[in-house]
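Dear colleague,

I am passing on to you the structure we spoke about, with the sequence alongside. My notes on what was found follow below the display.

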Amino acid sequence: MTEIAAKVVSKEALARGVVRMRIAPYQPTDILPAFEAGAHIDIRLPNGLTRSYSLTNVAEATSGNPAAYEIAVGRDANSRGGSQTVHDAVHVGSRLAISAPRNHFKLNPQHQRVLLIAGGIGVTPIYAMAQDLHARGVPFELVYCARSAARMAYLEELRALCGDKLVTHADDEVGAVFDVTSLLSEQRWDGVYVCGPAPLLDQVTATTVGWADGTVVMERFSAPESVAAPGEAFTLALAQSGLETTVSPDESVLDAIERLGVAHPFSCREGICGTCESRVLSGEIDHRCAVLSQAEKDSQTVMMPCVSRCMGEKLTLDL
Ligand code: FES
C-alpha cells in the first residue's frame, strides 16, 4: 500500500472492550485524503500485521480533508494479533503507517428508504452511514445488536442522530439474539446495509433471498462458508516485475506473488478486507471474495489474490 506516516493523537475507552482512536498525519502540514461513509483504512501495526478499520468520523470529512481519522476497535477474544495490539501496544504518540481510505461498502445514492443493521463492533461503518444519511435527509432506521448494552460503542451519538428510529437489542437483557427474520419479513426499504458477525449476516442473507440485486449490502468480519471447488493450476504473470510462475491448485495467487519475492499488501487472507486488491490486465477471474460488488466482479479488472483465482490458463496482474 502507499503509506501515509501518521500518529495516534487520542485514545480512549468508548464502551466495554472498545477503544476509540484518532489518527492524524505525522507531519502536521500533511493532508489526509477525504473519505465517504463505509470507507476503511489499513493500518500497519507495531507487530508488523496490517489490519483494516472502518472510519467513523465521516461528518468531519464531508466538507473536505479531515484533520484526523477516527476508528473504534473492539477487543477480540480470538484476536490473531490485531485488536490485541491496538488495545495493548498502541498509545497516544505511537507512529503508524496507514493507507489512504478505500471503500467497498458504499451507500447507494439511489436508496431513499434505508435500513442499517449493526452487530457489535460492526457499528463502525454503520455509524458513519447514519451520519451521511442524516446529513442528506434520507429517511433511515437503524437496528443495533450487541451482547450487552455496555459493549455498544457510539450509543449516545446514535441516539442523538436517529431519535426514535434507533432500535437497540442487548442479548443479555432479552435472553436471546435479535430476530432478523421477523424484522425483514416484509421489504419496506430499498437499501439494507449490514455489518456484523457471520451468524447475523448469514441470517440476513437467508431471509432476503429473492430481494432485488443491490438491495442488501454487507460488510463481513469473517469469510462466509466456502463451497468453491478446488482450483486448477494456471500461469501467473506479473507485468511490472516481468515475472511468471505456475500457481498450483493448493496455492493462492497471493502465495505465488510472495514466492516470487514481490511484496504485496494483505491483511485477512480470507477475501473480506480488500487490502490485497490487485488490477488484472488479462485472464478470466474466478472471484471468491466477499468484498467486491457484482458489478466490480463483472468488470473483470480487479481481484483479491488471497482467495480468487483464474478460470483460464493465464492470469496477468499489474504488479
Ligand atoms: S488480504 Fe483481505 S481480501 Fe485479500
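Along strand β18 the side chains alternate, with Leu-315 and Leu-317 pointing to one face, where they are buried, and Lys-314 and Thr-316 pointing to the other, where they are not. In a regular strand the side chains alternate between the two faces of the sheet, and β18 shows that pattern here. Please bear in mind throughout that this is a predicted model, and that what I report has been computed from it.

Where does β18 sit in its sheet? The sheet is open and mixed in its pairing, and its five strands come in the order β13-β12-β18-β14-β16, which places β18 between β12 and β14. The edges are taken by β13 (243–247) and β16 (302–303); each has a single partner strand, so one side of each is left without a neighbour in the sheet.

The two pairings of β18 can be followed residue by residue. With β12 (residues 234–238), β18 runs parallel, and four bridges join the two strands; Thr-235 has Lys-314 of β18 as its bridge partner. With β14 (residues 278–282), β18 (residues 314–317) pairs in the antiparallel sense over two bridges, and Val-280 stands opposite Leu-317 of β18. Lys-314, the bridge partner of Thr-235, is thus one of the residues of β18 that are not buried, whereas Leu-317, which stands opposite Val-280, is one of the buried ones.

A residue that may be worth viewing alongside this sheet is Leu-260, which lies in the loop between α7 (253–259) and β14. Apart from its neighbours within four places in sequence, Leu-260 is in contact with Leu-238, Leu-243 and Thr-245. Leu-260 nevertheless counts as partly exposed, because it has 15 C-beta neighbours inside 10 Å, where a residue needs 20 or more to be called buried. From the C-alpha of Leu-260 to that of Leu-319 the separation is 11 Å, although these positions lie 59 residues apart along the chain if one counts by their spacing in sequence.

Two further loop and helix positions were examined in the same manner. Gln-294 belongs to helix α8 (residues 294–299) and counts as exposed, because 10 C-beta neighbours fall inside 10 Å; its C-alpha is 21 Å from that of Gln-112, the two being 182 residues apart in sequence. Ala-212, in the loop between α6 (198–207) and β11 (216–220), also counts as exposed, because it has 9 C-beta neighbours inside 10 Å. The C-alpha atoms of Ala-212 and Gly-191 are 9.8 Å apart in space, with 21 residues separating them in sequence.

Helix α2 (residues 123–136) is of interest for its burial. Is it mostly covered or mostly uncovered? Eleven of its 14 residues are buried, so by the 20-neighbour cut-off the helix is mostly covered; the buried residues are Val-123, Thr-124, Pro-125, Ile-126, Tyr-127, Ala-128, Met-129, Ala-130, Gln-131, Asp-132 and Leu-133. From its first C-alpha to its last, α2 reaches 20 Å, close to the 20 Å expected at 1.5 Å a residue, and just after the helix Gly-137 takes a positive phi of about 75°.

Turning to the chain as a whole, there are eight helices and 18 strands, and the assignment divides the chain into domain 1 (4–98), domain 2 (114–220) and domain 3 (234–317). The C-alpha centres of domain 1 and domain 3 are 27 Å apart, and the contact between these domains takes four residues from domain 1 and five residues from domain 3. On the domain 1 side, strand β4 (residues 50–54) gives the most, with three residues, and by class that side has no nonpolar, two polar and two charged residues.

As for overall dimensions, the C-alpha trace spans about 60 × 50 × 35 Å along its principal axes. The radius of gyration is 20 Å, which agrees with the value near 20 Å that a compact globule of 319 residues would have. Buried residues make up 41% of the chain, and among contacts between residues at least 6 apart in sequence, 65% join residues at least 24 apart.

With best wishes

Notes
Residues are numbered from 1 along each chain as its sequence is written. This is a predicted model: local features need pLDDT of at least 70, side-chain atom pairs count only at pLDDT 80 or more; totals for chains, interfaces and linings use all residues. Two strands pair if DSSP finds at least two bridges between them. The expected span of a helix is 1.5 Å times one less than its number of residues. A residue is buried if 20 or more other C-beta atoms lie within 10 Å of its own, exposed if 12 or fewer, and partly exposed in between; C-beta atoms are placed from the backbone. The radius of gyration is taken over C-alpha atoms; the globule rule is 2.2 Å times the number of residues to the power 0.38. Two residues are in contact if their C-beta atoms, placed from the backbone, lie within 7 Å. Domain bounds come from an automatic or database domain assignment. Ala, Val, Leu, Ile, Met, Phe, Trp, Tyr, Cys and Pro count as nonpolar, Asp, Glu, Lys and Arg as charged, and the others, Gly among them, as polar.
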